[in-house]
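User: I'm new to reading structures and would like a close look at a single part of this one. Could you pick a spot on the chain, walk me through it, and then show me what else is around the model?

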Amino acid sequence: MADAAPEPKEPPLIRREDYRPFPWLVPEIVLDFDLGLDRTIVRSTLTVARNARGDRADTIRLNGDGLSPRRVAIDGAPVNDWAMDEGDLVLPLAGDAHEIMIETEIDPSANSQLMGLYASNGMLCTQCEAEGFRRIAFFPDRPDVLSTYRVRMEGSRTQFPVLLSNGNAVAHGESDDGRHWAEWHDPWPKPSYLFALVAGDLVARSDRFTTMGGREVALNVWVREEDLPRTEHAMESLKRAMKWDEDAFGREYDLDQFNIVAVGDFNMGAMENKGLNIFNTKYVLADPETATDGDYDAIEGVIGHEYFHNWSGNRVTCRDWFQLSLKEGFTVLRDQLFSQDLQGEAVKRIEDVRVLRSVQFPEDSGPLAHPIRPDSFREISNFYTATVYNKGAEVIRMMRTMAGPEAFRAGTDLYFDRHDGEAATCEDFVSAMEDGAGLDLGTFRRWYSQAGTPKVSVELDHRGNTATLTLRQYVPPTPGQPAKQPMPIPLRLALFDRASGTHAGEQLIVLEDAEATIAFDGFAERPVLSINRGFSAPISIERQASRDDLVFLAARDDDAFARAEAMQELVVGHLVAAAGEGLDASDRQQGQDAIAEALAAVLEDSRLDDLMRGELMVLPGEAYLAEQMLVADPGRIHREREGLKRWLAGELGDRLRTLHSRASAVPYALDRKARGARKVKTLALSYLAAGDREAAAELAARQYDAADNMTDRQGALMALCGLDSAARTDRLIDFYRRHRSNALVIDKWFSLQAMSLHPAAIEHVKALREHQDFTLRNPNRVRALYMAFAGNPHAFHTESGEGYRLVADLILDLDPINAQTAARFVPPLGRWRRIEPGRAALMRAELERIAAAPGLSRDTREQVERSLG
Ligand code: ARG
Ligand code: ZN
């Protein structure tokens, strides 16, 4: 495999507008695997026929990446006049229908890119999305070529007792020399990116599900034997997801089996291969001892996500990779709605918006900004982004908000109905939504073509009995898109009467043009405006809300999301002013007092449940604060934010300790109440850790020692990691000893130190990369150390630039091993234009150092070049 081969020339730019149908159809493929960890022989037989919709061709181009053909035959006769072009195999093909047989040989154990067929912990597994299938067999590796797959595999029975592929198991048997075989057939035509194969020594937790139409489905979650006790939550999540998709979207499962396999080495979260989902172990394994409440939620969300792809992705797939958001945006929305039904709407929404703001907003305002349906790429792996996924979900959510849930459902029903079995486009989705939901989405389509987070400025005027709202939108320029057009922006809003604290009903207005003025009568006094409630549009609101209005809304808004927003706005306003132009002593005092008053109310409000209280206690993150400033000084932002925490800890110390001890008395359970208690417990602790450090270290050590679950233990260790105390070292050693056999927990151990508030965090990271348990071969471990570090502003943005150098060194070391994962570390350095000049120059210099390295992967090269601009 040409894993580390240097790229001879600039990889081509692939454009959406150049789409052409493939000249050939491949209705059927038969794959025969002779399995071995370092030698697997693949024989593929393709039935091909001319595509009436494609151009006429006298050859067929089959994509390959690092493959060479051992044998080629057409219609049973050996062929020798084939040609290689880059990695592709080009065969002469004169007639209208043929059978092509090709044999290749691959070495899974040498596959460190984890794309295609690879070995992980002695088992064989695959990852084909987006373009991994071409590392297994020569094939038109594009999502608009749909085939039915028949797979036969044979291998050592001791090494690979379990043999899985897509669809239904049709036959299995023994052969000579301790070998056995299995045959699978998937009746649903699918693109190659949904192919999967697993062979290994695995055991399953098994269960059943009866679909609404009465189909009996056998469910299995396959793991290594020692992990079996940690599969209950995944299985329960799967059954809930299957039921939910029937109830909420009318979608029924369509095979007799559904298999999930957990793999320790995996580039992403999980993969929706038809009938055989392959998961990162991180999104499968959980028990109270080793997984936090956050892990439980993430597992439920990802299990739902991959399952929901069976319809939004598999039954209706994408025509080309520019349409990725068609399946990903829609499926993220579906998993968000699923989790919200289980976790509570407001809490889930607040968390989703926090991710959008801290990850997608910076992407949308930086050098890598792209529309949810990109126009071009060099390496598609670089476009599995927060924009395609999370903003994509927001765009579809806006359609739902404008249509209402019932009409939206009519739209999705029509979409599934119309395009079942097809490879569709975003435009197909929008048209189905217009026809089925009765929306006019004419100019709304701009959300698909324009990048950048719209800014909406809001002014509220009051005269006589009338309140007048003026809204102006502005979509900032992004790379390749200097000028933008206005986009329809749905805004849910309410006007509160200050005296009674109530409003006359929420309204939905859609800002269609660049500017709009709306008059509201019947307000003798100036009302308080609550706008973009529930985050009805993925925009940033610019307004001069008074401190009083924000304190009012933070205490009284009946929309729980809006209440949290007011709280955030209050803190963001204060911290951005403090870390930007600076505050004079009296402004600073007033700002701090208002925040303390609002936070005190949050700590004491008995009507709040603790899960929501926790959300209200979370301070805006440093990335989001930096995003509010044209040019940010990360050092100042960090000092101001920590300073505010310290001040609040002093001001509200008694209340925080009371909350901590009340929450500590709640016994472990998985219900909302107990989870809420754990959430506020650690939040209270992290405020206190900013104040009296010694007392906090003692409290954290107590929380650690008393913990009977990972949520409390990790929370306590997180606080301790930021403090310079003997308890820190002791508990870090204890944690490591307790969990050394569990890779996912050791990942946490790496992360906690890399993201800590400790002044020497960067030194800790340097020591940890030399730790015996650190390896560049495992993406989870790499992310545990380095993503945590890149997200730790005070360490990453160390003034000397050493943090940037560490990340650039990682990119260079990792690129030849795992290009896809290496490229994911470029965006943090790509933020340089928005950082103060001293650090910006250091960041840029590291990007230039990477760009100058020979033999860079297509993945990393594209990200670095875009980042340098
Ligand atoms: N379709 C998968 C998901 O979102 C993501 C797989 C992408 N993998 C990759 N190597 N780019 O559920
Ligand atoms: Zn997905």
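Analyst: Let's start with one glycine. This is a predicted model, and in it Gly66 counts as partly exposed because its relative accessibility is 38%. To be called buried a residue has to come in under 20%, and to be called exposed it has to be over 50%, so Gly66, at 38%, gets the in-between label. Where does Gly66 sit? You'll find Gly66 in the loop between strand S4 (59-62) and strand S5 (69-74). Now pick out Ala719, which is 653 residues away from Gly66 along the chain. In space, the C-alpha atoms of Gly66 and Ala719 are separated by 47 Å.

You can read another loop residue in just that way. Glu226 lies in the loop between strand S18 (216-223) and helix H1 (232-249). Glu226 has 48% relative accessibility, so Glu226 counts as partly exposed. Try pairing Glu226 with Arg142: they are 84 residues apart in sequence, and 38 Å apart in space, going C-alpha to C-alpha.

For the wider layout, the protein is divided into domain 1 (24-201), domain 2 (317-448), domain 3 (455-542) and domain 4 (741-868). If you take the centres over C-alpha atoms, domain 1 and domain 3 are 55 Å apart.

Next, have a look at the metal. The zinc ion (ligand 2) is coordinated by His305 and His309, each through NE2, and by Glu328 through OE, at 1.9 to 2.7 Å. Along the sequence those donor residues follow the spacing H-x3-H-x18-E. This links distant parts of the chain: His305 belongs to helix H2 (residues 293-308) and Glu328 to helix H3 (residues 324-343), 23 residues apart. Are these two buried or exposed? Both His305 and Glu328 are buried. Why is the arrangement around the zinc ion (ligand 2) called irregular? Its six donor atoms subtend angles of 46 to 160 degrees, and that makes it irregular. For reference, ideal angles for six octahedral donors are 90 or 180 degrees.

Last stop: a pair of helices. The axes of helix H20 (residues 743-754) and helix H21 (residues 761-768) come within 8 Å and cross at roughly 145 degrees. On the H20 side the contact is made by Trp749, Phe750, Gln753 and Ala754, and on the H21 side by Ala761, Val765 and Leu768. Sort the residues of that contact by type and you get six nonpolar, one polar and no charged.

Conventions. Residues are numbered from 1 along each chain as its sequence is written. Chains are lettered from A and ligands numbered from 1 in the order in which they are written. This is a predicted model: local features need pLDDT of at least 70, side-chain atom pairs count only at pLDDT 80 or more; totals for chains, interfaces and linings use all residues. Side-chain values use heavy atoms; hydrogens and water are left out. Donors are N, O and S atoms within 2.8 Å of the metal (3.2 Å for Na, K and Ca); water is not among the atoms, so sites may look incomplete. Four donors count as tetrahedral if all angles lie between 85 and 135 degrees; four count as square planar and six as octahedral if opposite donors are over 155 degrees apart and all others between 65 and 115; anything else is irregular. Helices (H or I, at least four residues) and strands (E, at least two) are DSSP runs, numbered from the N terminus. Buried means under 20% relative accessible area, exposed over 50%, partly exposed in between (1.4 Å probe, protein chains only). Domain bounds come from an automatic or database domain assignment. Axes are lines fitted to C-alpha atoms, for helices over the stretch in contact, and angles run from 0 to 180 degrees between N-to-C directions. Contact means heavy atoms within 4.5 Å. Ala, Val, Leu, Ile, Met, Phe, Trp, Tyr, Cys and Pro count as nonpolar, Asp, Glu, Lys and Arg as charged, and the others, Gly among them, as polar.
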